[in-house]
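Here are some notes to read alongside the model, written for someone who is new to looking at helices and how they pack. Please keep the structure open while you go through the points.

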Amino acid sequence: MNESLVVNDSSATLLDGEALPWMEADSPELNSSLQFSTAPLDFTINPWDIMLCMSGTVIACENAIVVAIIFYTPTLRTPMFVLIGSLATADLLAGMGLILNFVFQYVISSETISLITVGFLVTSFTASISSLLAITVDRYFSLYNALTYFSEKTLQYVHLMLLGTWGVSLFLGLLPVLGWNCLDDPASCSIVRPLTRINVTLLATSFFVIFVLMLALYFKICKIVCHHAHQIALQQHFFATPHYVATKKGVSTLAIILGTFGASWLPFAIYCLVGEREYPSVYTYATLLPATYNSMINPIIYAYRNAEIQRSLYVLLCGCFQTNKSYRSRSPSEV
């Protein structure tokens, strides 16, 4: 039996009236959700699956570079870079999961491996979103407690956040593997099989909670930044152009961060709540694919824009950028 994550479209038939080979002809319930199905390997590859695999390849390559840079650069050990490393690791695993899902879908037939792949994807994407929240919390405390930010206690708090982030993510990813799936009860399936409707609702609700928390924290960050700029202006008796430009740039960066995150994940999260397993699978694919793009954009926003990571990248790739200049470890408030 070949268990793969495929699309089951009950309206597709061959010219002679026979059902397509990857459809379960003996099943009384044919739905259009992403699902596991018993099928031979003689069906056409779904273009959406190819795009997801390509997205996973780009994600894995981008974030593998970030992970390598942080791992091999001793100076990148501050709380900010530890959290960026966690984000890059989660996105790297997500990219690898998308690639493995494609391989297991069309090459390897194993129910156990396919369930593990789904759990792996849930864990990695949950860890990615949770790491974004941890970075937001870190940026807020770097401004709110600027005098005590660079201390051992801050690093301890970061480690606790990472422990909670990956612990919760692993727990959610293990749920479908340990039995909370709809393989034995097709009526309970969601738009993404083998996840149940309750499971998907839990994941979507968790996303909305994280998104609201990020909105609230970034709103407070904007208030702190604007207040700081105002205090500088009062001290200098005028609003200096450099400070105005820096403040405007900081607020714009925050808007880009939240806008990118929301635009990537909100459509899929909303569809998880309102979608039914009978809906055409193209809706699921069309909302899931942009969600993966968030993991593609994260290293650009949080890593490659950073001057220290850029310098370390030059050293890692070509070893031609040598300097004796000292570099100050940037605060995460320098968004």
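1. Is the crossing in which H3 passes H7 left-handed or right-handed? In this predicted model, H3 passes H7 in a left-handed crossing, and the two helices pack at an angle of about 35°, with their axes 11 Å apart. On the H3 side the contact is made by Phe125, Ser128, Leu132, Ile135 and Arg139, and on the H7 side by Thr292, Asn294, Ser295, Asn298 and Tyr302. These contact residues divide into four nonpolar, five polar and one charged.

2. Helix H7 itself covers residues 281-304, and its 24 residues reach 35 Å from the first C-alpha to the last, which is close to the 34 Å expected at 1.5 Å a residue. H7 nevertheless has a kink of about 35° at isoleucine 297, shortly before proline 299.

3. Helix H3 (residues 111-144) also packs with helix H4 (residues 152-177), here at an angle of about 155° and with the axes 8 Å apart. Because angles over 145 degrees count as roughly antiparallel, H3 and H4 are therefore roughly antiparallel to each other, and their crossing is right-handed.

4. The contact of H3 with H4 includes Leu115, Ile116 and Gly119 among the residues in H3, and Val158, Met161 and Thr165 among those in H4. The residues of this contact divide into 13 nonpolar, eight polar and one charged.

5. In the loop between H4 and helix H5 (197-235) lies proline 194, and the peptide bond that leads from arginine 193 to proline 194 is cis, with omega near 15°.

Note on methods: Residues are numbered from 1 along each chain as its sequence is written. This is a predicted model: local features need pLDDT of at least 70, side-chain atom pairs count only at pLDDT 80 or more; totals for chains, interfaces and linings use all residues. Side-chain values use heavy atoms; hydrogens and water are left out. Helices (H or I, at least four residues) and strands (E, at least two) are DSSP runs, numbered from the N terminus. The expected span of a helix is 1.5 Å times one less than its number of residues. The bend at a residue is the angle between axes fitted to the seven residues ending there and the seven starting there. Axes are lines fitted to C-alpha atoms, for helices over the stretch in contact, and angles run from 0 to 180 degrees between N-to-C directions. Angles under 35 degrees count as roughly parallel, over 145 as roughly antiparallel, 65 to 115 as roughly perpendicular and the rest as oblique. A crossing is left-handed if the near helix is turned anticlockwise from the far one by less than a right angle, and right-handed if clockwise. Contact means heavy atoms within 4.5 Å. Ala, Val, Leu, Ile, Met, Phe, Trp, Tyr, Cys and Pro count as nonpolar, Asp, Glu, Lys and Arg as charged, and the others, Gly among them, as polar.
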